[in-house]
Amino acid sequence: MSTSADVPAAVRFVVVGAGVHGLSTAAHLADRLGSGEQVLVLDKSRVGAGASGISGGIVRNFYAAPAMHELVRRSVELFELDPQLFGFRQVGYVAVVPEAQADELGQIAAAHAEAGYASTLVEGVAPVRDHLRRLFPDWRAHGSAAALHEHRSGWADAGTTVAALAGLARAGGVQLAEGVEVTGFELEAGGAVRAVETSAGQIACDAAVLAPGPWARDLWRLLDLPAELEGSDGPTPAFRYWQVREGEYRHVAGALEPTAPVVHLDADVPVSHHLPDHWGIYFRPGLGGGVAAGGLPVALDPDCELDPYGPSHPELGATTPAFDEAIEASLAWALGRFRTSGGWSSTSFAAPTVFTPDAYPVVGYVRENVYAVLDSNHGFKLLALGKLAAAELLGQTEPVLEPFRLERFAEAAVHPASASPYPWT
């Protein structure tokens, strides 16, 4: 791995961010070029130090925007090339929703069929209960009006996926420089980037690629890009932040089977005084034998602190006992094995994550030679973005990315909002 002392003075492509999308873009650039010697990846900390390294790695196609379904299908196809290499568990994904979201789930199922993404729609309280009990014999949640079972989805171990992408990039000859922070950009009169200013010195480049995860806000400012974007309801901040919270939960009475599907459970049934009227959680088998679960995000100030990131932050990295109690109550409401009062132990954490105004990715050029891969917290489920970005950086246009250009905000072509209680669906 390169250090700041090894950073070249000039390179063709500078990729900012050594997470899933930065590493994937670099690896695919190297593959297309035949060598990655002109591709440099910078990270101010280390590979996988941001959101990619602590992600739950859920891979699903549960989106209100039809344009997402083709992207996810392509991403899953990449995981399917070598599931073991990427740490991909293709166990399926089941979205379970109340009556208020049932119509939307039907629309998503129809879009899945059009995109060629295998899923099964179940409608009606009794059929939904029966379907879930075939998957979980002790399923006891009630009031669910529809379920959508995605058969090709699942989850990936974050550390394994990041390590695989870093390995592919290095094998292709890509230079990875850790501990190098971007401090500015030298701009030409027309707005193109002539060089990237870093803590290790200036690096001249033909193009810069931004894949910074939560730090998108800070690079945006360095590039003097607009702080607000024009949306359908007028100007809106370019970025908004939410604190995502998740953890590993263990119960003395049982756990989830390793082959159990990921479950996304939205409900409007009172379960705990720590939950709102319309709430949602997601859960999957944990790596340590427990249950990995999360949900109930909290809105943050747009200027929230990002460093130290994630669990290392003394305030924004911590959850509360109320959060753990809400997750535990939700799991006990859903599955009989957790019904016994008490018996829980948990380790949970929080991290800030960034969203675009409509909560969908921005992918494409934001300046003449600055290409952005801003995933809006969709991470592993959009693994294909790196491959598509590499193609466009080398002159090819990818029509599947057209709905995700920055220009959609000025054109009032934003993606539809979901009825889900989550800010990212």
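A salt bridge is a side-chain nitrogen of Lys or Arg within 4 Å of a carboxyl oxygen of Asp or Glu. In this structure the side chains of Glu402 and Arg405 meet in such a salt bridge, at 2.9 Å from N to O. The structure is a predicted model, in which local features need a pLDDT of at least 70 and side-chain atom pairs count only at pLDDT 80 or more, while totals for chains, interfaces and linings use all residues. Residues are numbered from 1 along each chain as its sequence is written, and side-chain values use heavy atoms, with hydrogens and water left out.

**The chain as a whole**

Helices (H or I, at least four residues) and strands (E, at least two) are DSSP runs numbered from the N terminus, and the chain has 10 helices and 22 strands. The radius of gyration, which is taken over C-alpha atoms, is 21 Å for this chain, close to the 22 Å that the globule rule gives for 425 residues, so the chain is as compact as a globular protein of that length. The globule rule itself is 2.2 Å times the number of residues to the power 0.38. Along the principal axes, the C-alpha atoms fill a box of roughly 65 × 40 × 40 Å.

A residue is called buried when its relative accessible area is under 20%, exposed when it is over 50%, and partly exposed in between (1.4 Å probe, protein chains only). Of the 425 residues of the chain, 58% count as buried. One of the buried residues is Leu331, at 0% relative accessibility, which lies in helix H9. The C-alpha atoms of Leu331 and Arg140 are separated by 10.0 Å, although these residues are 191 residues apart along the chain.

**Salt bridges**

Side chains of opposite charge can pair when their charged atoms come close. By the rule given at the start, the count comes to 14 salt bridges, and the table sets out three of them.

| Residues in the salt bridge | Closest N to O |
|---|---|
| Glu402 and Arg405 | 2.9 Å |
| Arg74 and Glu70 | 2.9 Å |
| Arg337 and Asp138 | 2.8 Å |

Arg74 and Glu70 are four residues apart in helix H3 (residues 67–81), and are therefore separated by about one helical turn. Arg74 counts as partly exposed, at 29% relative accessibility, and a network of salt bridges links Glu70, Arg73, Arg74 and Glu77.

The bridge between Arg337 and Asp138 joins two loops: Arg337 lies in the loop between helix H9 (321–334) and strand E20 (344–355), and Asp138 in the loop between helix H6 (125–135) and strand E7 (146–150), so the pair ties together parts that are 199 residues apart in sequence. Arg337 is buried, with a relative accessible area of 15%, whereas Asp138 is partly exposed, with a relative accessible area of 21%. In the remaining pair of the table, Glu402 is partly exposed at 41%, while Arg405 is buried at 13%.

**Aromatic rings**

Rings of Phe, Tyr and Trp (its six-membered ring) pair if their centres lie within 6.5 Å, and planes under 30 degrees apart count as stacked, over 60 as edge-to-face and the rest as tilted. By this rule the count comes to 10 aromatic pairs. The rings of Phe79 and Phe88 have their centres 4.8 Å apart and their planes at 25°, so this pair is stacked. Both Phe79 and Phe88 are buried. The aromatic pair of Phe338 and Trp344 is tilted, with 5.1 Å from centre to centre and 45° between the planes, and Phe338 is buried, with a relative accessible area of 1%. Ring pairs also link Phe79, Phe86 and Phe88 into a cluster.

A charge sits over a ring if NZ of Lys or CZ of Arg is within 6 Å of the ring centre and within 35 degrees of the ring normal. The charged end of Arg60 sits over the ring of Tyr63, 4.3 Å from its centre, and Arg284 lies over the face of Trp155, at 3.8 Å from the ring centre.

**A sheet of three strands**

Two strands pair if DSSP finds at least two bridges between them. An open sheet of three strands has the order E3-E8-E4, with antiparallel pairing. Strand E3 (58–59) and strand E4 (88–89) are the edge strands, each pairing on one side only. Two bridges join E4 to strand E8 (residues 154–156), and Phe88 stands opposite Ala156 in E8.
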